[in-house]
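Here is a set of short exercises to help you find your way around a new protein structure. Try each task with the model in view before you read its solution.

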Amino acid sequence: MSEHLAFHFDVDGENFVSAGQASVQIKKNLRQLGLPPETIRRVSIAMYEGEINMVIHANGGSADVLVYEDKIVIILDDKGPGIKDIEQAMQEGFSTATDRVRALGFGAGMGLPNMKHYTDEMTIESTVGVGTKITMQVNL
């Protein structure tokens, strides 16, 4: 495997105040590396959507960002309830968010579709009762 920079973030579950801090930090890191603004925007949006999903649905998790010469890989890993039906969860507008979460302005059902839209590749591995791992790639 080629050389890369690695950034690790812990995402605090149920903490909507700190939700999005990892995506803000990775945006700063990628700017410092001199990456193109459009790449930074795509990575930031995908990261933010993933963070919010971990806060809403999985009681937190971890986010790892690996920066290679030709791509950025984002790995989101949680020990939440898992996704029962990935195909259904990928539909725009589908959401399992609670009324409380919706009242806070989240849970519109655009998280996974946006993550897919803003990345070049995305895979979801999920086991109900065990957790979910999402791997995304943005090509440089």
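## Exercises with worked solutions

**Exercise 1. Find what covers helix α1.** Which elements cover the buried residues of α1?

*Solution.* Please keep in mind that this is a predicted model.
- Start with the cover: it includes β1 (5-12), α2 (37-57), β2 (60-67) and β3 (71-78).
- Next, look at what lies beneath it. The buried residues of α1 are Ala22, Ser23, Ile26, Asn29 and Leu30.
- Now look down the axis of α1: its buried residues fall within an arc of 120°, so they line one face of the helix.
- A general rule helps here: an α-helix has 3.6 residues a turn, so residues three or four places apart point the same way.
- Finally, turn to the face directed away from the buried side, where you meet the exposed residues Gln21, Arg31 and Gln32.

**Exercise 2. Check the lengths of two helices.** What end-to-end reach do α1 and α2 have, and what reach is expected?

*Solution.*
- Helix α1 spans residues 21-32, which is 12 residues. From first C-alpha to last it reaches 17 Å, close to the expected 16 Å at 1.5 Å a residue.
- Helix α2 has 21 residues. Its reach between first and last C-alpha is 30 Å, close to the 30 Å expected at 1.5 Å a residue.

**Exercise 3. Look just past the helix ends.** Which residues with a positive phi follow α1 and α2?

*Solution.*
- Just after α1 comes Gly34, with a positive phi of about 80°.
- After α2 comes Asn59, with a positive phi near 55°.
- As background, most residues other than glycine have a negative phi.
- Asn59 is not a glycine, although its phi is positive.
- To place Asn59, look in the loop between α2 and β2. Its relative accessibility is 58%, so Asn59 counts as exposed.

**Exercise 4. Describe the chain as a whole.** How many helices and strands are there in the protein chain, and in what order do the elements run?

*Solution.*
- Count the elements: there are 5 helices and 5 strands.
- Read them from the N terminus on, and the order is β-α-α-β-β-α-α-α-β-β.
- Then consider the dimensions. Along the principal axes, the C-alpha atoms fill a box of roughly 40 × 30 × 25 Å.
- The radius of gyration is 14 Å, which agrees with the value near 14 Å for a compact globule of 140 residues.
- Turn to burial: 46% of the 140 residues count as buried.
- Last, take the contacts with a separation of 6 or more. Residues 24 or more positions apart account for 64% of these.

**Exercise 5. Explore two helix residues.** Is Ile40 buried or exposed, and is Leu112 buried or exposed?

*Solution.*
- Ile40 lies in helix α2. Its relative accessible area is 6%, so Ile40 is buried.
- Leaving out residues up to four places away in sequence, Ile40 touches Lys27, Leu30, Arg31 and Leu35.
- Leu112 sits in helix α5 (residues 111-117). Its relative accessibility is 9%, so Leu112 counts as buried.
- With residues up to four places away again left out, the contacts of Leu112 include Asn53, Ile83, Ala89 and Met90. Met122, Ile124 and Ile134 are also touched by Leu112.

**Exercise 6. Compare a loop residue and a helix residue.** Where does Ala19 lie, and where is the place of Arg102?

*Solution.*
- Ala19 lies in the loop between β1 and α1. At 17% relative accessibility, which is under 20%, Ala19 counts as buried.
- Beyond four places in sequence, Ala19 touches Tyr48, Glu51, Ile52 and Val55.
- Ala19 and Asn53 are 34 residues apart in sequence, with 9.6 Å between their C-alpha atoms.
- Arg102 belongs to helix α4 (residues 99-103). With a relative accessible area of 39%, Arg102 is partly exposed.
- Apart from neighbours within four places in sequence, Arg102 contacts Ser95, Ala97 and Gly107.

**Exercise 7. Find a charge over a ring.** Which residue lies over the face of Tyr68?

*Solution.* Look at Lys71, which lies over that face at 5.2 Å from the ring centre.

Note on methods:
Residues are numbered from 1 along each chain as its sequence is written. This is a predicted model: local features need pLDDT of at least 70, side-chain atom pairs count only at pLDDT 80 or more; totals for chains, interfaces and linings use all residues. Side-chain values use heavy atoms; hydrogens and water are left out. Helices (H or I, at least four residues) and strands (E, at least two) are DSSP runs, numbered from the N terminus. The expected span of a helix is 1.5 Å times one less than its number of residues. Buried means under 20% relative accessible area, exposed over 50%, partly exposed in between (1.4 Å probe, protein chains only). The arc is that of the directions from the helix axis to the C-beta atoms. Contact means heavy atoms within 4.5 Å. A charge sits over a ring if NZ of Lys or CZ of Arg is within 6 Å of the ring centre and within 35 degrees of the ring normal. The radius of gyration is taken over C-alpha atoms; the globule rule is 2.2 Å times the number of residues to the power 0.38.
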